[in-house]
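Trainee: Got a minute to walk me through this one? I'd like to go over it piece by piece.
Mentor: Sure, let's pull it up.

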Protein chains: 2
Amino acid sequence: MSLSQLRYFVTVAEEGHVGRAASRLRISQPPLTRQIRGLEDELGVTLFRRTPRGMELLPAGERFLDAARDVLAGVDRAVALARTDAGGPPRPGGRG
Amino acid sequence: MSLSQLRYFVTVAEEGHVGRAASRLRISQPPLTRQIRGLEDELGVTLFRRTPRGMELLPAGERFLDAARDVLAGVDRAVALARTDAGGPPRPGGRG
DNA sequence: TGAGGTTACGCCTATCGTAATAATG
DNA sequence: CATTATTACGATAGGCGTAACCTCA
């Protein structure tokens, strides 16, 4: 499980369409399909129902979507907290 | 930034020692050092102070530690939620 | 036939482990 | 010299893109 997989999953869930999601993520469909598939495989849970119209979120997927968004938001929060200037010395080569 | 980096960081923070942290993580010191360094570089923030006795958490590191734990807990929660049996069909080849 | 998701294959990057190096006291 | 973190170098695994394939209506 990786943060990329979580981002990919959220995008596919939002678009309901691998092609559109891939476009938004600036990657091609195959790696996106594989990552979603790998995520499902690792979880042991089917997150989407494949239809001729696209990807339909299953109940397990909806529950996971909520938690995945929380994780990604937590990452942003962590980064912001670390970068909060509170007397820490700047790194040489940092964006300072 | 990766979930591995977050796990590595939390372990080093808890041990205050790259060697012990690496042992707990079942990897060797060099990759652990590199991942911590890469994390600091990506954040643009120094998280630890290197001393002859080990790794000492700086203020930015303490703030990040709290948030990193939250992220990792969120991942566990997401997995548990997805696996919550609520009528979802089992995957063929799953761990059933 | 058309739309959409999936699999096969090759390339590139990232990560790991072993060995060697630098700093501290 | 002893301890700890870091860098150099080669091997392995994972991710991406192009091309080809399967499924459904």
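**Walking through the model**

Mentor: Let's start with burial: of the 96 residues in chain A, 42% are buried. Keep in mind that this is a predicted model.

Trainee: OK, what does the secondary structure of chain A come to?
Mentor: Chain A has 4 helices and 2 strands. Going along the sequence, the pattern reads α-α-α-β-β-α.

Trainee: And what share of the contacts in chain A with a separation of 6 or more is between residues 24 or more positions apart?
Mentor: That share is 49%.

Trainee: Switching to confidence. What's the mean pLDDT of chain A?
Mentor: The mean is 90, with 89% of the residues of chain A at 70 or more. Among its elements, helix α1 (residues 3–15) of chain A is highest at 98, while strand β1 (residues 48–51) of chain A is lowest, at a mean of 94. Residues 92–96 of chain A are another matter: pLDDT there is below 50, and the stretch has 4 contacts in the model beyond near neighbours in sequence.

Trainee: How are chains A and B related?
Mentor: Chain B goes onto chain A by a rotation of 180 degrees with 0.0 Å of shift along the axis, and the RMSD is 0.1 Å. That's the relation of a two-fold axis. The same surface serves both copies, as 100% of the contact residues of chain B recur in chain A.

Trainee: Which residue of chain B comes closest to the rotation axis?
Mentor: V71(B), with its C-alpha at 2.7 Å.

Trainee: Now the DNA. How many residues surround DNA strand C?
Mentor: There are 21, and the closest are T33(A), R50(A), Y8(B), S28(B) and R34(B). By class, that surface has 9 nonpolar, 7 polar and 5 charged residues.

Trainee: Is it sugar and phosphate or bases that the protein sees?
Mentor: Of the strand C atoms within 4 Å of the protein, 69% belong to sugar or phosphate, and the rest to bases. For a phosphate example, an N or O atom in the side chain of Y8(B) is 2.6 Å from a phosphate oxygen of DNA strand C. G19(A) has a backbone N or O atom 3.4 Å from a phosphate oxygen of that strand. On the base side, a polar side-chain atom of R34(B) sits 3.0 Å from a base oxygen of DNA strand C.

Trainee: Which elements give two or more residues to that surface?
Mentor: From chain A, α2 (18–25), α3 (29–43) and β2 (54–57); from chain B, α3 (29–43). The largest share, 5 residues, comes from α3(A).

Technical notes: Residues numbered from 1 in each chain as written. Chains lettered and ligands numbered in written order. Predicted model: local features only at pLDDT ≥ 70, side-chain atom pairs only at ≥ 80, totals over all residues. Heavy atoms only, no water. Least-squares fit on C-alpha atoms with pLDDT ≥ 70 in both. Contact = heavy atoms within 4.5 Å. pLDDT = per-residue confidence, 0-100. Near = heavy atom within 4 Å. Polar contact = N/O pair within 3.5 Å; in protein donor to acceptor, adjacent residues only side chain to side chain. Nonpolar A, V, L, I, M, F, W, Y, C, P; charged D, E, K, R; others polar. Buried < 20%, exposed > 50% of the residue type's maximum accessible area, 1.4 Å probe, protein only.
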